[in-house]
Amino acid sequence: MADTQQVDAKAERQVTRLARRIGSFSQAHGGAEGQVAYIGERGARIVLVGEDGGWGDLVAPSYEIAKKAVEKSGITVHEDFDGEFAAKVTTGPYEWSRMAGIQVGGPSNT
């Protein structure tokens, strides 16, 4: 029994820590929306998009922890990263050069 309580306490601390970081992002960007994606053994990725178009992401150790964190933070959560939600992202020269890499003369990924 004690092991289960320790695991639950650890997971709850992770949820609280992630929710706090999501809240900070939201506050800094005039509000935020998010999407949670399972990324395999590494856990889940929480993609955040601010009302100002700024974006970022966090990685949670599990999908369940990620879902609880976004629920606790109070942001709007989307099932998919597409449509109007994806259109809110603002990218600048840095993102374009990193995403395109050598194809458009940006820095290589090595």
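Here is a quick tour of this chain, with a focus on its charged side chains. Keep in mind that you're looking at a predicted model. The chain has four helices and four strands, and three salt bridges turn up in it. There's also a positive surface patch to look for.

**The overall layout**

- If you walk along the sequence, you meet the helices and strands in the order α-β-β-β-α-β-α-α.
- The chain has 110 residues, and 34% of them are buried.
- Take the contacts with a separation of 6 or more: 51% of these are between residues 24 or more positions apart.
- The accessible surface adds up to about 7300 Å², and carbon and sulfur atoms make up 51% of that.

**Salt bridge one: Glu12 and Lys72**

- Glu12 pairs up with Lys72 in a salt bridge, with 3.7 Å between the closest N and O atoms.
- Glu12 sits in helix α1 and Lys72 in helix α2 (residues 63–73), so this pair ties together parts that are 60 residues apart in sequence.
- Glu12 counts as partly exposed because its relative accessibility is 39%.
- Lys72 is partly exposed too, at 46% relative accessibility.

**Salt bridge two: Lys88 and Glu33**

- Lys88 and Glu33 join their side chains in a salt bridge, at 2.3 Å from N to O.
- This pair links distant parts of the chain, 55 residues apart: Lys88 is in the loop between α3 (83–87) and α4 (93–100), while Glu33 is in strand β1 (residues 32–38).
- Lys88 is partly exposed, with a relative accessible area of 34%.
- Glu33 has a relative accessible area of 9%, so it counts as buried, the cut-off for that being under 20%.

**Salt bridge three: Asp57 and Arg45**

- Asp57 and Arg45 also meet through their side chains in a salt bridge, this time at 2.6 Å from N to O.
- Here the pair ties together parts 12 residues apart in sequence, because Asp57 lies in strand β3 (residues 55–60) and Arg45 in strand β2 (residues 44–50).
- Asp57 is partly exposed, with a relative accessible area of 37%.
- Arg45 is partly exposed as well, with a relative accessible area of 33%.

**The positive patch**

- Lys10, Arg13, Arg17 and Arg20 form a positive patch on the surface.
- One of these residues, Arg20, belongs to helix α1, which covers residues 2–28.
- Arg20 counts as exposed because its relative accessibility is 55%, and the cut-off for exposed is over 50%.

Terms used: Residues numbered from 1 in each chain as written. Predicted model: local features only at pLDDT ≥ 70, side-chain atom pairs only at ≥ 80, totals over all residues. Heavy atoms only, no water. Patch = residues over 30% accessible without salt bridge, like charges linked within 9 Å, V, L, I, M, F, W, Y side chains within 5 Å. Areas by Shrake-Rupley, 256 points an atom, 1.4 Å probe, with all protein chains shown as cover. Salt bridge = Lys/Arg side-chain N within 4 Å of Asp/Glu carboxyl O. Lys, Arg positive; Asp, Glu negative; His and termini not counted. Charge placed at Lys NZ, Arg CZ, Asp CG, Glu CD. Helix = DSSP H or I, 4+ residues; strand = E, 2+ residues; numbered from the N terminus. Buried < 20%, exposed > 50% of the residue type's maximum accessible area, 1.4 Å probe, protein only. Contact = heavy atoms within 4.5 Å.
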